[in-house]
Amino acid sequence: LTRQQDAWNRHDLEAFMSGYWNSSQLTFFSGARETSGWQPTLERYRQAYQSSGKEMGKLEFSELKIKCFAGDAAFVRGAWKLTMSDGKIPHGLFTLIFRKFPDGWKIVHDHTSAAD
């Protein structure tokens, strides 16, 4: 997650997405919308944060709580915050499910919510 946060703050979405399982079975839930697959998730991020008139801001993760199951699965809860150039600070909570693959731990499911 630290590598993902650093990649986001460099505005490098491809490096940020390297923390996700590169599979059509990846699931991402946000704003009552389900996105399935690594490529559609990347495109969702691009549309939301890199399209015309959008910005990525500075990302911070906090309040991380990690629970490992067996040796190859983990459940992570935490908070996210974006500091934008206009002073706005969108924030919310997330729940991630990680699996351990030969190339390391990857997010296989992401459920992110934003505060109203």
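Two strands pair if DSSP finds at least two bridges between them. Keep that in mind for the first view, and remember throughout that this is a predicted model.

**View 1. Strand 3 and strand 4 run side by side in the antiparallel sense.** Here we look at strand 3, residues 58-69, next to strand 4, residues 73-83. The two are joined over 10 bridges. At one spot, F69 stands opposite A73 in strand 4. In a regular strand, side chains alternate between the two faces of the sheet.

**View 2. A hairpin turn connects strand 3 to strand 4.** Three residues lie between the two strands of this hairpin. Take a look at A70 in the turn: its phi is positive, at about 50°.

**View 3. W8 and Y45 meet edge-to-face.** The structure holds 10 aromatic pairs, and this is one of them: the rings of W8 and Y45 are 5.7 Å apart centre to centre, with 75° between the planes. The pair brings together distant parts of the chain, since W8 belongs to helix 1 (residues 2-9) and Y45 to helix 3 (residues 38-49), 37 residues apart. Are these two buried or exposed? Both W8 and Y45 are buried. For Y45, the relative accessibility is 7%, so it counts as buried.

**View 4. Y45 also pairs with Y20, this time tilted.** The ring centres of Y20 and Y45 are 6.4 Å apart and the planes sit at 55°, which is why the pair counts as tilted. Again, distant parts of the chain are linked: Y20 is in the loop between helix 2 and strand 1, Y45 is in helix 3, and 25 residues separate them. Y20 has a relative accessible area of just 3%, so it is buried.

**View 5. Ring pairs tie six residues into a cluster.** Zoom out a little from Y45 and you can pick out the members: W8, F16, Y20, F28, Y45 and Y49, linked by ring pairs.

**View 6. Two arginines sit over aromatic rings.** The charged end of R44 is over the ring of Y45, 5.6 Å from its centre. Elsewhere, R99 places its charged end over the ring of W21, 5.4 Å from the centre of that ring.

**View 7. Q25 sits in a loop.** Find Q25 between helix 2 (13-17) and strand 1 (27-30). Its relative accessibility is 57%, so Q25 counts as exposed. How far apart in space are Q25 and T35, C-alpha to C-alpha? The answer is 9.9 Å, with the two residues 10 apart in sequence.

Definitions and conventions. Residues are numbered from 1 along each chain as its sequence is written. This is a predicted model: local features need pLDDT of at least 70, side-chain atom pairs count only at pLDDT 80 or more; totals for chains, interfaces and linings use all residues. Side-chain values use heavy atoms; hydrogens and water are left out. Helices (H or I, at least four residues) and strands (E, at least two) are DSSP runs, numbered from the N terminus. Buried means under 20% relative accessible area, exposed over 50%, partly exposed in between (1.4 Å probe, protein chains only). Rings of Phe, Tyr and Trp (its six-membered ring) pair if their centres lie within 6.5 Å; planes under 30 degrees apart count as stacked, over 60 as edge-to-face and the rest as tilted. A charge sits over a ring if NZ of Lys or CZ of Arg is within 6 Å of the ring centre and within 35 degrees of the ring normal.
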